[in-house]
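Me: I am new to this structure and would like a close look at a single part of it. Please start from that part and then connect it with other parts.

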Amino acid sequence: MIPLLFAGVLLGAQNSPEWFGSFHLDLLFLYVTPLLLLVHTYYRTDRGLWIHVAQTSLLILLTFVLLRQHNLYIPSDGRTLHVVFVFLLYAIYPLIGYDIVEFLRSRAIYVGAYVVLLAVYFFHVNSMSAGSTKASFVVYMALLFGINLFIIPRYVSRNVFLWGVSLAAGFMVMLGLPVYIIGSYDIWWLHPQLFDNPATLPVPGMELHYLQSVLSNPNILGVLTFAGAFGALVLATENLIRRRFLMVPIASALFFLNGLGMFLSYARASWLAMGLATIVYVGYVLFDNRSVPFTVIPLALASALFLGSVLLAVGPIDASGRSPLWLAGIQAIKHAPSSLGYGVVNTHAVIEPFITEPYLRGRSPHNSYVQIFLQVGIVGGLAYLVIVLGSIVEGVIRRNTVDVPMLGFAFAFAVHQTFDVYTLFNNAVASILATLVFGYLICGYERAD
């Protein structure tokens, strides 16, 4: 799990190896999947040979698809049949595993939403020209989306995920902190540095450049360190409660290291997300599962009021122009060519005609929900909300069996997505982390029940 997370983070780094891209990340995730099943087989009495045969067969077919797509190839003849075939491979591959019938029965609504979202994206692929990089985007992102949502959370312990993200984030912070003392430097092909613009952090008289580390943007480090800090908080607390004192100092050190990195990144949306997740988790530690509705519901209402104030541009909140961007995005959604959206397009250009402030033109909507509704319309957007918001609602309803730390984690990501453009259908650092978190929330009931 740790190499997978590091490989995902590397895509967001400056001066990353030129040969490394989405295609290679896809291959890594693709070939880890049957390995997870093979390792899992060791602990089962029913070996399920058919599962491994089916998984290996689909792996071979998907490898062929990825290799052809890597050459920017979409056949002009029989394209619809080709697209439908690839779509079916992606719809089936993440679901093959042990207890598949029980899983499909219990998680049918999320599997259905996943298939609908995939179908809309592949519908748009069918109309794309041969050699289209937009089609490559769908083919590459769909595999990451499915595996992170339905495979890894079922076969990798969520504590392994929490350790992985905490270590990955801590490593990036450790690469970045020396820059405050010795300035920018090179290590391998990476170039740790600070962000150009300074800011006065919420400590009296303390003006610093944002911490960026080797990543291309402080906000990327912010969301990574938020995930790492919260993961370390959960690990430290749970090990303390279970009297596993050896791991407590390590997890605590990662919590403070990642917390410092998150603070220095000045990613205020990540600060908000950390606060929300922490409140839900502290309520759980103090009052057990019965605290869930008394933390999540008030926080959801407060978040809705806060987001409404940003949208209407009322109050003293500096939202960096998000209000007109969000409103422009909503107008663009209303004028979409169909209920399936605009497809894989540059949303900067789509919302530009609806932006009244000239200085904001050319910017993204700065909202993941607006982004997804622009791309896949009402149909795909509602399917997306089923996965994101529906899983949180289910967590509140099934509070006695939900994994509350992952519920708080997912809730924080759901709010964080309103301030940034990263959907679960992407290979951004935040996208990979958020998809895994929602996957652990959705798939966690299988173990809890």
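Reply: The part chosen is the largest cavity, whose lining divides into eight nonpolar, two polar and no charged residues. In this count Ala, Val, Leu, Ile, Met, Phe, Trp, Tyr, Cys and Pro are nonpolar, Asp, Glu, Lys and Arg are charged, and the others, Gly among them, are polar. The model is predicted, so local features need pLDDT of at least 70 and side-chain atom pairs pLDDT 80 or more, while totals for chains, interfaces and linings use all residues. Residues are numbered from 1 along each chain as its sequence is written, and side-chain values use heavy atoms, leaving out hydrogens and water.

On a 1 Å grid over the protein atoms alone, a cavity is a set of points where a 1.4 Å probe fits but cannot get out; a pocket is an open set with protein on both sides within 12 Å along at least five of seven lines, and lining residues have an atom within 4 Å of a point. By this rule there are two cavities of 30 Å³ or more. The largest cavity holds about 70 Å³ of space (points are joined across faces, edges and corners, and the volume is the space filled by probe spheres set on them). It is lined by 10 residues, and Gln69, His82, Val83, Val125 and Val139 are the closest to its centre. Two or more lining residues come from each of H3, helix H4 (79-92), helix H6 (108-125) and helix H7 (133-155). H4 gives the largest share, three residues. Helices here are DSSP runs (H or I, at least four residues; strands are E, at least two), numbered from the N terminus.

H3 spans residues 49-70, and isoleucine 60 lies in this helix. Isoleucine 60 is exposed, with a relative accessible area of 53% (exposed means over 50%, buried under 20%, partly exposed in between, with a 1.4 Å probe and protein chains only). From isoleucine 60 to leucine 30 there are 30 residues in sequence and 9.8 Å in space, C-alpha to C-alpha.

The second largest cavity contains about 30 Å³ of space. Leu5, Gly8, Val9, Val429, Ile432 and Leu433 line this cavity, and helix H1 (2-10) and H18 each supply at least two of its lining residues. By class, this lining has five nonpolar residues, one polar and no charged.

H18 also takes part in the aromatic pairs, of which the structure holds 27. Rings of Phe, Tyr and Trp (its six-membered ring) pair if their centres lie within 6.5 Å; planes under 30 degrees apart are stacked, over 60 edge-to-face and the rest tilted. Phenylalanine 161 and tyrosine 440 are a stacked pair, with 5.2 Å between centres and 20 degrees between planes. Phenylalanine 161 belongs to helix H8 (residues 158-176) and tyrosine 440 to helix H18 (residues 429-448), so this pair ties together parts that are 279 residues apart in sequence. Phenylalanine 161 is buried, at a relative accessible area of 0%, and tyrosine 440 is buried at 1%. One aromatic cluster is formed by Phe103, Tyr114, Tyr121, Phe137, Phe145, Phe150 and Phe425.

Open space comes next. The second largest pocket has about 560 Å³ of space. Its lining has 24 residues, with Leu307, Tyr369, Leu389, Ala414 and Thr418 nearest the centre. H13, H14, H16 and H17 each contribute at least two residues to this lining. The lining has 20 nonpolar residues, four polar and no charged.

Leu307 is also one of the buried residues of H13, among them Val292, Leu299 and Val310. The buried residues of H13 are covered by elements including helix H12 (268-287), helix H14 (322-334), helix H16 (368-397) and helix H17 (404-416). After H13 comes alanine 313, which has a positive phi, near 55 degrees.

One more residue is leucine 257, in helix H11 (residues 248-265). Leucine 257 counts as buried because its relative accessibility is 19%. It touches Gly170, Val173, Met174 and Leu177, leaving aside residues up to four places away in sequence (a contact is heavy atoms within 4.5 Å). Leucine 257 and glycine 170 are separated by 87 residues in sequence and by 6.2 Å in space, C-alpha to C-alpha.
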